[in-house]
Amino acid sequence: MIEVLFFSAPWCSACKTAKPVVEAAAKESGYTFRYIDIEENSTNSKLSAKMDVSSLPTSVILKDGKERSPCMIPTSMSIRPCSSGYEP
């Protein structure tokens with residue numbers, strides 16, 4: 001199972017722009033999309049710290065629960081590798 005975690009915050013204007021792009025690309029690729037508001041609760045804050053999210057928006061691709069590729073922002077309407085050697 002492949003999931004796309006989209007880390008965001010209500011005050012992040014770039015997140016508002018990127019969210020529909022990342023969500024559409026994830027769904028088009030058959031991936032599960034999870035929106036994570038880092039300010040919503042402590043669980044989300046802890047998850048963002050665990051995933052080493054240092055700026056917003058950040059998308060993290062997980063395969064079978066393991067991190068595969070962190071991405072700062074989407075570059076197109078498709079999910080693409082953010083680092084060399086990525087294979088979902």
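Analyst: pLDDT is the predictor's confidence in each residue, on a scale from 0 to 100. The model above is a predicted one, and over residues 83-88 its pLDDT stays under 50, although the model has 9 contacts beyond four places in sequence for that stretch. Likewise, pLDDT stays under 50 over residues 73-81, for which the model has 18 contacts beyond four places in sequence.

User: What is the mean pLDDT of the protein, and which of its elements have the lowest and the highest mean?

Analyst: The mean pLDDT of the protein is 80, and 77% of its residues reach 70 or more. Among its elements, strand β4, which covers residues 66-71, has the lowest mean pLDDT at 70, whereas β2 has the highest at 94.

User: How many helices and strands are there, and what pattern do they follow along the sequence?

Analyst: The protein has 2 helices and 4 strands, and reading along the sequence gives the pattern β-α-β-α-β-β. To see how the chain folds back on itself, look at contacts between residues at least 6 apart in sequence: 62% of these join residues at least 24 apart.

User: How should I read burial, and what percentage of the residues is buried?

Analyst: A residue counts as buried when its relative accessible area is under 20%, and as exposed when that area is over 50%. In this protein, 38% of the 88 residues are buried, while the accessible surface comes to about 5,300 Å², with 51% of that surface belonging to carbon and sulfur atoms. As a single case, take Ser48, which lies in helix α2, residues 42-50. Ser48 counts as buried because its relative accessible area is 9%, and, leaving aside neighbours within four places in sequence, Ser48 is in contact with Phe7, Ile38 and Val53.

User: Which residues form a disulfide, and how far apart are their sulfur atoms?

Analyst: The feature to look for is a pair of cysteine sulfur atoms, and here the count comes to 1 disulfide. Cys12 and Cys15 form this disulfide, with their sulfur atoms 2.2 Å apart. The torsion about the S-S bond of Cys12 and Cys15 is about 80 degrees, and therefore the disulfide is right-handed. Both Cys12 and Cys15 are buried.

User: Why is the pair of Phe6 and Tyr35 called stacked?

Analyst: Two values are read for such a pair, the distance between the ring centres and the angle between the ring planes, and planes under 30 degrees apart count as stacked. By the rule for ring pairs, the protein has 2 aromatic pairs. In the pair of Phe6 and Tyr35 the ring centres are 6.3 Å apart and the planes lie at 25 degrees, which means that the pair is stacked. This pair links distant parts of the chain, since Phe6 belongs to strand β1, residues 2-8, and Tyr35 to strand β2, residues 32-37, with their positions 29 residues apart. Ring pairs also link Phe6, Phe33 and Tyr35 into a cluster.

User: What sits over the ring of Tyr35?

Analyst: The charged end of Lys19 sits over the ring of Tyr35, at 4.9 Å from its centre. Tyr35 counts as partly exposed because its relative accessibility is 38%, whereas Phe6 is buried, with a relative accessible area of 1%.

User: Which residues does Phe6 touch, apart from those up to four places away in sequence?

Analyst: Among the residues that Phe6 touches are Cys15, Ala18, Lys19, Val22, Phe33, Tyr35, Pro57 and Thr58. Distance along the chain and distance in space are separate readings, as Phe6 and Leu56 illustrate: they are 50 residues apart along the chain, and their C-alpha atoms are separated by 9.1 Å.

User: Where along the backbone is a peptide bond cis, and which residue has a positive phi although it is not a glycine?

Analyst: For a peptide bond, the angle to read is omega: the bond from Leu56 to Pro57 is cis, with omega near -5 degrees, and Pro57 lies in the loop between α2 and β3. For phi, the sign is what to read. Asp52 has a positive phi of about 60 degrees although it is not a glycine, and it is placed in the loop between α2 and β3. Asp64, also not a glycine, has a positive phi of about 50 degrees and is found in the loop between β3 and β4. Asp52 counts as exposed because its relative accessibility is 63%, and Asp64 is exposed with a relative accessible area of 55%.

Terms used: Residues are numbered from 1 along each chain as its sequence is written. This is a predicted model: local features need pLDDT of at least 70, side-chain atom pairs count only at pLDDT 80 or more; totals for chains, interfaces and linings use all residues. Side-chain values use heavy atoms; hydrogens and water are left out. Buried means under 20% relative accessible area, exposed over 50%, partly exposed in between (1.4 Å probe, protein chains only). Contact means heavy atoms within 4.5 Å. Accessible areas come from the Shrake-Rupley method with a 1.4 Å probe; for residues, only the protein chains shown count as cover. A disulfide is a pair of cysteine sulfur atoms within 2.5 Å. Rings of Phe, Tyr and Trp (its six-membered ring) pair if their centres lie within 6.5 Å; planes under 30 degrees apart count as stacked, over 60 as edge-to-face and the rest as tilted. A charge sits over a ring if NZ of Lys or CZ of Arg is within 6 Å of the ring centre and within 35 degrees of the ring normal.
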